[in-house]
Amino acid sequence: MINRSEYEGWHDDLFGQMDADGNGLTLQEYHAARFGPGPYAAKAPEQQAIMREQANLRKTERFRIMDGDGDGIVTRNEFMKFGEHAWLEADTNDDGRLTWQELNQYNRGM
């Protein structure tokens with residue numbers, strides 16, 4: 001379990017890792033980020049390709065939502081605002097903590 005402060009710290013660190021050049025997060029940088037085994041968990045190349053396509057569709061939609069001003073770049077501020085929304089949606093039992101299961105369910109449903 002993690003609390004909100006830990007989540008916000010992790011979310012901020014994650015932005016820094018994805019935006020290595022420091023000029024805001026592009027869709028290409030976001031697509032390149034891996035958030036777990038994802039498509040690579042599948043053994044068959046065909047299944048990996050299908051899963052990668054589905055993951056990129058989810059990432060593209062998340063990116064569109066995060067990019068509040070629609071300029072094609074997600075700033076740290078936009079990313080953190082999205083994180084606030086994600087926290088509220090993922091904490092389904094409103095106990096102020098996230099379990100791995102809650103976080104996974106949110107990520108899959110988004």
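These questions and answers concern helices and contacts in a predicted model.

Trainee: What is the distance between the end C-alpha atoms of helix 1, and what span is expected?
Mentor: Helix 1 covers residues 4–18, which is 15 residues. At 1.5 Å a residue, the expected span is 21 Å. The distance between the end C-alpha atoms agrees with this, at 21 Å.

Trainee: Which residue caps the N-terminal end of helix 1?
Mentor: The cap involves a side-chain oxygen and the backbone nitrogen of Ser-5. These two atoms lie 3.1 Å apart. The side-chain oxygen belongs to the capping residue, Asn-3.

Trainee: Within what arc do the buried residues of helix 1 fall?
Mentor: The buried residues of helix 1 are Tyr-7, His-11, Leu-14, Phe-15 and Met-18. Seen down the helix axis, they line one face of helix 1, because they fall within an arc of 100°.

Trainee: Which residues are exposed on the other side of helix 1?
Mentor: One face of helix 1 is lined by its buried residues. On the other side, the exposed residues are Ser-5 and Gln-17.

Trainee: Is His-11 buried or exposed?
Mentor: His-11 is found in helix 1. Its relative accessible area is 5%. Buried means under 20%, so His-11 is buried.

Trainee: Which residues is His-11 in contact with, leaving aside its neighbours within four places in sequence?
Mentor: Some residues far along the chain can be compared in space: His-11 and Lys-81 are 70 residues apart in sequence, with their C-alpha atoms 10 Å apart. Leaving aside neighbours within four places in sequence, the contacts of His-11 are Phe-79, Met-80 and Gly-83.

Trainee: Which residues does Leu-14 touch, not counting residues up to four places away in sequence?
Mentor: Leu-14 is in helix 1 and counts as buried at 13% relative accessibility. The C-alpha atoms of Leu-14 and Phe-79 are separated by 9.8 Å, although the two residues are 65 residues apart along the chain. Not counting residues up to four places away in sequence, Leu-14 touches Phe-35 and Phe-79.

Trainee: Are helix 3 and helix 4 roughly parallel or roughly perpendicular?
Mentor: Helix 3 (residues 45–66) and helix 4 (residues 76–90) pack with their axes 9 Å apart, at an angle of about 110°. Angles of 65 to 115 degrees count as roughly perpendicular. Helix 3 is therefore placed relative to helix 4 as roughly perpendicular.

Trainee: Which residues of helix 4 make the contact with helix 3?
Mentor: From helix 3, the contact is made by Arg-62, Ile-65 and Met-66. From helix 4, the residues are Glu-78, Phe-79 and Phe-82.

Note on methods
Residues numbered from 1 in each chain as written. Predicted model: local features only at pLDDT ≥ 70, side-chain atom pairs only at ≥ 80, totals over all residues. Heavy atoms only, no water. Helix = DSSP H or I, 4+ residues; strand = E, 2+ residues; numbered from the N terminus. Expected span 1.5 Å × (residues − 1). Buried < 20%, exposed > 50% of the residue type's maximum accessible area, 1.4 Å probe, protein only. Arc of directions from axis to C-beta. Polar contact = N/O pair within 3.5 Å; in protein donor to acceptor, adjacent residues only side chain to side chain. Axes fitted to C-alpha atoms, helices over the stretch in contact; angles between N-to-C directions. Parallel < 35°, antiparallel > 145°, perpendicular 65-115°, else oblique. Contact = heavy atoms within 4.5 Å.
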